[in-house]
Amino acid sequence: MTAPGENLKINGERLWDSLMDMAKIGPGVAGGNNRQTLTDDDAEGRILFQQWCEKAGMTMGVDQMGTMFARRDGTDPDALPVYVGSHLDTQPTGGKYDGVLGVLGGLEIIRTLNDLDIKTKHPIVVTNWTNEEGTRFAPAMLASGVFAGMHDKEWAYDRVDADGLKFGEELGRVGWKGDEEVGARKMHAFFELHIEQGPILEAEGKDIGVVTHGQGLWWLQVTLTGKESHTGSTPMNMRVNAGLGMARITELVHQIAMDNQPGAVGAIGHCDVYPNSRNVIPGKVVFTIDFRSPDQAKLDGMKARLEAEAPKIAADLGLGFEIEDVGHFDPVTFDDGCVAAVRNAAERLGYSHMNLISGAGHDACWINRVAPTAMIMCPCVDGLSHNEAEEISLEWAAAGTNVLFHAVVETAEIVG
């Protein structure tokens with residue numbers, strides 16, 4: 001397999017201009033983006049991406065989950081494609097780079113190949129996975145999960161947002177429900193470039209993170225039911241306070257994670273309080289617990305302890321208790337060959353690099369189950385992500401995309 005020469009680089013300024021152009025769609029209130037999945041802004045971003053892909057000579061396919069696959073043909077019609085990509089949807093208060101860098105970095109690979117008139121044996125397909133964030137429709141990585149056989153498509157269609165709108169109906173409304181069977185595509189390999197979403201690379205002064213593993217995750221949704229009553233006139237010993245139950249379970253979650261150090265984290269990141277009035281004791285709270293670890297035993301042990309101890313907290317306060325699994329994936333070990341391609345590319349290009357374990361879930365975590373997969377990470381300022389202040393530099397973006405270019409093109413095999 002012939003590796004690209006170290007002089008072959010992508011156009012960093014063009015990549016950066018594309019990132020800034022995409023960021024104009026679904027602007028946030030503080031400099032970032034609010035382009036949640038299957039909103040009108042998401043649809044507009046998809047149209048712009050499609051236009052760019054078609055201008056680069058690619059053909060677009062869309063599956064029944066709305067995932068976009070932009071293909072550049074290879075010279076061998078029987079060779080399986082090399083896939084590259086991430087997601088264009090954002091958090092409600094998201095940044096301009098989370099996910100988007102991986103999609104537009106893939107597009108920049110194709111533009112660079114066109115500029116240099118380089119052909120590859122294997123086709124290259126740039127992918128925008130639907131609903132990676134999972135904010136509007138839980139769980140995260142929904143479309144890639146259906147693609148990998150982890151979720152049923154009809155189950156995914158029935159996921160609802162906070163307004164009761166169904167994923168499948170919104171997919172049709174915005175015009176991105178394709179005809180292609182989900183998961184029918186076969187992959188030679190899959191590569192995903194992403195910002196780190198953590199502080200390690202910047203703190204260590206490294207250009208590139210070679211991602212070897214991904215943390216496993218449990219999302220557990222808890223519903224506590226108490227009794228709404230007036231905060232001023234209800235005696236303390238007669239209250240059935242669902243908010244107090246959530247507070248005590250929040251402490252439990254923190255303690256469980258601390259008791260499993262190192263290599264474990266846990267928090268409550270989302271909650272809905274009812275009736276959410278300043279002078280009414282909460283009669284109901286619904287919140288999501290997020291446990292993560294690269295160690296399977298720790299991950300499952302944290303979940304088991306929460307399920308054993310949280311009901312006792314609720315019972316002591318007279319609260320009703322329900323718990324539901326709303327998101328899960330096991331720890332991931334990425335493909336040795338793809339990881340080596342990433343590491344070799346970083347070394348060939350002269351970038352400083354280090355091994356990383358991904359602290360966040362990514363579409364690559366699911367695709368790793370059905371195809372050889374690896375991830376590349378670049379630093380982000382102060383490790384900040386899922387925040388409108390998320391920031392990277394043009395140089396970091398270009399370095400990550402150059403490594404992506406070399407790993408993808410080496411795997412797709414240059415012809416001639």
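Student: Over residues 215-314, how far apart are the end C-alpha atoms?

Tutor: Keep in mind that this is a predicted model. A UniProt annotation from an unreviewed entry, "domain: Peptidase M20 dimerisation", covers residues 215-314. Over that stretch the chain is 36% helix and 34% strand, and its end C-alpha atoms are apart by 29 Å.

Student: Okay, on to helix α2. What span is expected for its 16 residues?

Tutor: Helix α2 runs over residues 40-55. From its first C-alpha to its last it reaches 23 Å, and at 1.5 Å a residue that is close to the expected 22 Å.

Student: What residue with a positive phi follows α2?

Tutor: Look just past the helix, where the chain has a phi near 85°. That positive value belongs to Gly 57.

Student: Which strands are included in what covers the buried residues of α2?

Tutor: The buried residues of α2 include Leu 48, Phe 49 and Trp 52. Helices α1 (12-23) and α3 (100-116) are part of the cover. The strands included are β1 (59-62), β2 (68-72) and β5 (124-128).

Student: Which helix gives the largest share of the largest nonpolar core?

Tutor: In soluble globular proteins, nonpolar side chains tend to be buried together. Here the largest nonpolar core has 101 residues, and Leu 104 and Phe 191 have the most contacts inside it. Its largest share, eleven residues, comes from residues 394-412, helix α12.

Student: And how many residues are in the other core, the one with Trp 218?

Tutor: That core lies apart from the largest one. Leu 220, Leu 252 and Val 253 are also among its members, and its size is 23 residues.

Definitions and conventions: Residues are numbered from 1 along each chain as its sequence is written. This is a predicted model: local features need pLDDT of at least 70, side-chain atom pairs count only at pLDDT 80 or more; totals for chains, interfaces and linings use all residues. Side-chain values use heavy atoms; hydrogens and water are left out. Helices (H or I, at least four residues) and strands (E, at least two) are DSSP runs, numbered from the N terminus. The expected span of a helix is 1.5 Å times one less than its number of residues. Buried means under 20% relative accessible area, exposed over 50%, partly exposed in between (1.4 Å probe, protein chains only). Contact means heavy atoms within 4.5 Å. UniProt positions are given in the numbering used here, feature names are shortened, and annotations may be inferred rather than shown by experiment. A nonpolar core is a set of buried Ala, Val, Leu, Ile, Met, Phe, Trp, Tyr and Cys residues joined through side-chain atoms within 4.5 Å.
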